[in-house]
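Me: I am new to this structure and would like a careful, close look at one part of it, followed by a walk through some other places. Please take your time and keep the explanation connected.

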Amino acid sequence: MARNVWKYILSILTLFSLIFLLRNITTEQKWRNHILAPLYKVQNRIQSSNLSGSLPTFHRSCSFCPHLGQPTSLEEELEERNLLDSIDWPQPPSGSAPPALTKTSDPAHSLFKIVPSQNGQRWYVGDQLEVQVHLHDFEGRPKRYGGDFLLARLHSPKCKAGVAGQLLDHKNGLYSARFPLLWDGSAQVEVTMVHSSEAVAVLRRLREKRPDRVYFFSFFRRGNHSEKMLCNVCLPQDEGPLCNFTDPHSGDQWFCYKPKMLSCDARYSHSMGGYAKNLITEKEALLFKRGKNVKVAIHASTTDTINVLPARNGSSSQKPDPVKLATSGYYYQDSWRPLGGVTMRQFDTPSAITQCLTNKLVYMYGDSTLRQWFEFLLTVLPDMKKLNLENPKKSGPFMAVDSTRNILLEYRFHGPPIRIQPVMVSELRYIANELDGLTGGPNTVVVLGIWAHFSTFPVEVYMHRLRHIRKAVARLLDRARETVVVIRTANPQEPGRAGNVYNSDWLMLQQDAVLRSMFKGLDVMLVDAWQMCLAHRLPHNLHPPRAIVKDMVDMMLSYVCRNGTRD
């Protein structure tokens, strides 16, 4: 009898224990679901994105390593969405397979015509010229959708004059190009198809899905043992453990795979590895043929030239509203003439430049297109002595001084990503950090130029870098309001061997629009390298010719030495 009672009691205790355990399991499961569900959703999104390519893609609102970078505020996320919307580009019709080459835009079959003026075929200085561009495919049929990337220029070989046109995509195969008429005499229209809409679609996909188009290496060394490891803005974590070299102050991301036998602290050099191959199909490669559908002229249906009469009021110096025209300036007699803003001065002699820069500290941070400015000033200022710092010829850093006039010129390359010869990691500096180390003041000049090395990454990477720099510029101006800040924009360049799959003008134009938007409202001056190179008669080049570099430097000096007043 007693044995049965004890069995009964034991059964009841077991039942209560089971109920208690199930309740705890249910509670824990609810907690796990509440906490982990969002994480699983994120993980699922990442896994889905990995199916589209060999590398994880960048998300629209942040890099694909958001957990390793600094968090962004809601305000910054909103700005990013607005910037992405502002550079949104028309795309070919969705839901269909990519068309055959014969159905893509062909500049040889396309044409443009000059829209008649409202004054009986008479144009005057101060008027606006409009041109209609009609895109056709290789079979001569009109295109029915937009998205082609065109450039337009109005120029006069006789006057050595030129101005960039403003393009409007009507999204039906028709485009309008508008030009301000700024000089009298002959003016010739030039329209160029840089990329077809189908090629732009390929560039967009590569930018968003293949951030590994350029890869980098770092050497890690301890004693006689060294290892060469792959590095980039972000790397797939399933390929091996990572060394996180994200800058703790600026938040700029950089990673390398961890060496097998060495620690992350053993990293001592950075260099470009090369360009990824086989990025596009054979069919897509047909969209990037130099001389056929990359930077090819579109011809006029009738005439491409007009005669411009002097302004009606008798003054040929009349300047149209630059805001209405979205034109920053033009060339005349091979001299850049800005519309609005700073008055352009010609610094044609060493004494004129020296007088402007006396007692000035000039800090230049950026890529090789800004290094051109440093090198130009060295060649025209005989009293500037370049210090032998025994640094690499291209990466620097470089420094030059004129001790008599108390002038300092300093140039430093921006931090990774940089496609450059091997450089010591101790010389890799982020612009934001360098700016935070400056005292600033009325005799401090900061010049920035950062764009060319970001074209192979999602545009969000460029936005993040510019945001860090913009914050540092704002901090500098807060503590030293009279500091002079000049920013060089991007510029068009010659087509590469691969039709500019890596460095397309379209990619540069998108970045240029982002840069202008992000620094709008700050007390800085933009040197419009894009319109200067587009308007000039010399061919496009990643590193513009000396004549254009001089005009850019003259614009900077005109801003630095504007009689001590802010415009």
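Which residues line the largest cavity?

Reply: This is a predicted model, and what follows should be read with that in mind. The lining of the largest cavity is made up of Ser395, Gly396, Pro397, Arg412, Phe413, His414, Ile418, Val423, Glu427 and Leu428. Sorted by class, this lining has 5 nonpolar, 3 polar and 2 charged residues. The space in the largest cavity comes to about 60 Å³, and the count of cavities of 30 Å³ or more is 1.

From the cavity we can turn to Asp383, which is found in the loop between helix α7 (368–380) and strand β19 (385–386). Asp383 has a relative accessible area of 39%, and because buried means under 20% and exposed means over 50%, Asp383 is classed as partly exposed. Setting aside the neighbours within four places in sequence, Asp383 is in contact with Val401, Asp402 and Arg405. With Arg405 there is also a polar contact, in which the two side chains are joined at 3.1 Å. Asp383 can be placed relative to Pro350 as well, since the two are 33 residues apart in sequence while their C-alpha atoms are 9.1 Å apart in space.

The cysteines come next. A disulfide is a covalent bond between the sulfur atoms of two cysteines. In this model the count of disulfides is 3.

One of them is formed by Cys231 and Cys256, whose sulfur atoms are 2.0 Å apart. This pair links distant parts of the chain, with Cys231 in strand β10 (residues 225–232) and Cys256 in strand β12 (residues 255–257), 25 residues apart. The torsion about the S-S bond of Cys231 and Cys256 is about 105 degrees, so this disulfide is right-handed. Cys231 has a relative accessibility of 0% and therefore counts as buried, and Cys256, with a relative accessible area of 0%, is buried too.

Another disulfide joins Cys243 to Cys264, with a distance of 2.0 Å from S to S. Here too the pair links distant parts of the chain, as Cys243 belongs to strand β11 (residues 242–244) and Cys264 to the loop between β12 and β13 (267–275), 21 residues apart. The torsion about the S-S bond of Cys243 and Cys264 is about -85 degrees, so this disulfide is left-handed. Cys243 is buried, its relative accessible area being 1%.

A further disulfide joins Cys356 to Cys561, with an S to S distance of 1.9 Å. Distant parts of the chain are linked by this pair, for Cys356 lies in helix α6 (residues 350–357) and Cys561 in the segment after α12 (546–560), 205 residues apart. The link of Cys356 and Cys561 has 100 degrees about the S-S bond and is right-handed, and both Cys356 and Cys561 are buried. Two other cysteines can be described by their accessibility: Cys159 is buried at a relative accessible area of 11%, and Cys533 is buried at 3%.

The region of strands β9 to β12 offers two further residues to look at. Thr246 lies in the loop between β11 and β12, where a relative accessibility of 18% makes Thr246 count as buried. The side chain of Thr246 is joined to that of Asn244 by a polar contact of 2.7 Å. Arg222, in strand β9 (residues 214–222), counts instead as partly exposed, with 49% relative accessibility. Leaving aside neighbours within four places in sequence, Arg222 is in contact with Leu262, Ser263, Asp265 and Ala266. The C-alpha atoms of Arg222 and Met261 are separated by 9.5 Å, although these residues are 39 places apart along the chain.

A last stop is Arg467, whose place is in helix α9 (residues 459–479). At 3% relative accessibility, Arg467 counts as buried, because the cut-off for buried is under 20%. Not counting residues up to four places away in sequence, Arg467 touches Thr72, Glu76, Glu79, Glu80 and Met518.

Key:
Residues are numbered from 1 along each chain as its sequence is written. This is a predicted model: local features need pLDDT of at least 70, side-chain atom pairs count only at pLDDT 80 or more; totals for chains, interfaces and linings use all residues. Side-chain values use heavy atoms; hydrogens and water are left out. On a 1 Å grid over the protein atoms alone, a cavity is a set of points where a 1.4 Å probe fits but cannot get out, and a pocket is an open set with protein on both sides within 12 Å along at least five of seven lines; lining residues have an atom within 4 Å of a point. Grid points are joined across faces, edges and corners, and a volume is the space filled by probe spheres set on the points. Ala, Val, Leu, Ile, Met, Phe, Trp, Tyr, Cys and Pro count as nonpolar, Asp, Glu, Lys and Arg as charged, and the others, Gly among them, as polar. Helices (H or I, at least four residues) and strands (E, at least two) are DSSP runs, numbered from the N terminus. Buried means under 20% relative accessible area, exposed over 50%, partly exposed in between (1.4 Å probe, protein chains only). Contact means heavy atoms within 4.5 Å. A polar contact is a pair of N or O atoms within 3.5 Å; within protein, one must be able to donate a hydrogen and the other to accept it, and residues adjacent in sequence count only if both atoms are side-chain atoms. A disulfide is a pair of cysteine sulfur atoms within 2.5 Å.
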